[in-house]
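Q: Could you take me through one part of this model in detail, the sheet and what surrounds it? I'd love a connected account.

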2 protein chains.
Amino acid sequence: MTIAEDNLIERIRRKVPSAPGDSLLLAIGDDAAVLRAKTNRDWVITCDQFIEDVHFLANRYPAEVVGYKSLARATSDIAAMGASPEIFLLSLAIPQERTGKWLNEMIGGMARAARKFGLRLAGGDTSRTEKIAMSITVMGTVGHGDELLRRDGAGPGDAIFVSGVLGGAELGLRLILRGEDNHKKFRRLLVPQFYPRPALELGQRLARKRFASAAMDISDGVSIDLQRLCKASGVGARIYAERLPLVAVPPELRRLQFDALELGLHGGEDYGLLFTVPRRMISRLPQRFRAVGLTRIGEIVGGRGVKIVGTDGRESGLKAKGWDHFRLHPEGIPRLAYEARWVRRN
Amino acid sequence: MTIAEDNLIERIRRKVPSAPGDSLLLAIGDDAAVLRAKTNRDWVITCDQFIEDVHFLANRYPAEVVGYKSLARATSDIAAMGASPEIFLLSLAIPQERTGKWLNEMIGGMARAARKFGLRLAGGDTSRTEKIAMSITVMGTVGHGDELLRRDGAGPGDAIFVSGVLGGAELGLRLILRGEDNHKKFRRLLVPQFYPRPALELGQRLARKRFASAAMDISDGVSIDLQRLCKASGVGARIYAERLPLVAVPPELRRLQFDALELGLHGGEDYGLLFTVPRRMISRLPQRFRAVGLTRIGEIVGGRGVKIVGTDGRESGLKAKGWDHFRLHPEGIPRLAYEARWVRRN
């Protein structure tokens, strides 16, 4: 008996960590998986899509990157709660012609990410479609005694921090969209776009040490994500352009006229943490956590809205220009397909 | 500040049960939801896709049906474990033109299913695409003292049962594909295709009373699903054509030459339970559970493979012809699009 779909699942299962163990009591092979957290731990759960022409371009992103990044993105939400990753589920819709080499490489990248983040594949669903569409559900656990990293706890006077560099992933995307991604010397600039690192250890540290009054990951860009954090907390914010840890645009890219401030404010997918720290805790927060810088970019204020103080010292409202699936690409085509066309035209 | 994507999520959240409560500690609005099961209960988790042209045709399935059925399908896997539904997550990718009336109606159907099954929406992700693609993760809980309904416990001599009617959902699908779904008198025949009922109470009863040695839901058709159950249990099976609780094809459909046995064996989406019962328990099993019949269709045997005894008394191998995304529709187009074309041609 050959059942093609079952074979596909079996191929994925063999390559990705998926054996029962730890919190996974019953693994792939039944109608559902069975989970049991350690005593005094709660589950956190999130899901994230990764879709061809929306989140990536199939002919520009290596299959291995698609596998790695799809899982890293989803896992970033676990980091943003201060939780430890445990299991994931994969909904995978792919064209027939992707079921061979492409799928093997994709699974390879996913398996690497799963091992890196400590995740086991607990289930999934496969379909055949015209375009690649993935949806990944990730679950982690958090101790009852830990302070959960929520978005809604920021208060006036809290300092605003970001981890890592802003705009690196967006710079990589721009290079891809402009067809500059094949230059060997620019390849390292693609790393933040291809291989984001969820801030797992940092999130756990912030949760355990109760450093953060509010936190979230930077997935759609600081300008949109900070608005979300402020809205959830019922506060406003002021940030300073000169303090932003912006990506360094190499001099040889000057001809492309990238604006580091624009990339850093509105570019998404950096997957660092955006978090607020009450005044009394600021001095205890280290300046770096492992190799990642923690940068104070501004403060929470009363009222509503996010202001930015420019390098000229003038304050203005910060527009939320981060990625928003249902606002951009007015031509009615998926996001990246639109972006690629728009960038080539301008 | 208007953020279109956040508004979309907010619209869904308002219509679908999604308030924190029971096992849902932290609901929509943060990077992830937080879950805590009651003491001595484990979680079960599953995910299921529902994709335009693969699982439904957007111009033939009312939006309300898409919402209801997408959630019912996924919840059926929870029933098949003997668990109680708790929460779900929705990955939703839709075209811009579906964000108005269509989305409202779709959410309406989903909200109705959520209330019916006792589910709360705990999170999700939205994107804009050319075709509708949904992936739903559902979680339930099961008591430590209950017997989990697994696929791998069937032994030789166990009786094989199915709940409900076989082929009803497939008959509905065939009517849709042949364009017969607009006849008012056939409308009731579409109900099994449009509004499947996960066998939640039956699954829970089987689990608590320890009636079943193995169980799964019939999602892809008895012929393929029984093979899967046998493979997981390392056994074979013999079923009897004359015992199958086949859908009644109305006389006025004779011109369409539907074969009830074919529909019942290979048609998927009935979402009844397929389960095996050890000999000593058979007499204790009721003939009906609530309004749903429980029908003994055969027995588990040693060895491998599934045999069927025809109405003429002759035994033959049963081919697994249920739906398999990666085997059918050789023209490289999605399943239902292919089916619709194929049926019209033949």
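A: Happily! In this predicted model, 6 strands make up an open sheet with mixed pairing, ordered β1(A)-β2(A)-β3(B)-β6(B)-β4(B)-β5(B). Strands here are DSSP runs of E with at least two residues, numbered from the N terminus, and two of them pair if DSSP finds at least two bridges between them. The edges are β1 (24–26) of chain A and β5 (120–128) of chain B, each of which pairs on one side only. From one strand to the next, the twist averages 25°, with axes being lines fitted to C-alpha atoms and angles running from 0 to 180 degrees between N-to-C directions.

Let's walk across the sheet. Strand β2 (residues 33–35) of chain A is antiparallel to β3(B), with 3 bridges between them, and Val34(A) has Val44(B) as its bridge partner there. Next, β3(B) runs antiparallel to β6 (residues 133–143) of chain B, joined by 11 bridges; here Ile45(B) is partnered with Met139(B). Strand β3 (residues 41–51) of chain B has 10 of its 11 residues buried, so it is largely enclosed by the rest of the structure. Buried means under 20% relative accessible area, exposed over 50%, and partly exposed in between (1.4 Å probe, protein chains only). Further along, β4 (residues 84–94) of chain B and β5(B) are parallel, with 8 bridges, and Ile94(B) sits opposite Arg128(B) of β5(B).

Now for how the two chains relate. Chain B superposes on chain A by a rotation of 180° with 0.0 Å of shift along the axis, at an RMSD of 0.0 Å; the fit is by least squares on the C-alpha atoms of residues with pLDDT of at least 70 in both copies. That is the relation of a two-fold axis. In chain B, the C-alpha nearest this axis belongs to Ser135(B), at 3.3 Å. Both copies use the same surface, since 100% of chain B's contact residues recur in chain A.

Ser135(B) also meets Ser91(A): their side chains share a polar contact of 2.6 Å (a pair of N or O atoms within 3.5 Å; within protein, one must be able to donate a hydrogen and the other to accept it, and residues adjacent in sequence count only if both atoms are side-chain atoms). Ser91(A) lies in strand β4 (residues 84–94) of chain A and, at 1% relative accessibility, counts as buried. Setting aside neighbours within four places in sequence, its contacts (heavy atoms within 4.5 Å) include Asp125(A), Cys47(B) and Gln49(B).

Residues are numbered from 1 along each chain as its sequence is written, and chains are lettered from A and ligands numbered from 1 in the order in which they are written. Local features need pLDDT of at least 70 and side-chain atom pairs count only at pLDDT 80 or more, while totals for chains, interfaces and linings use all residues; side-chain values use heavy atoms, leaving out hydrogens and water.

Terms used: Helices (H or I, at least four residues) and strands (E, at least two) are DSSP runs, numbered from the N terminus.
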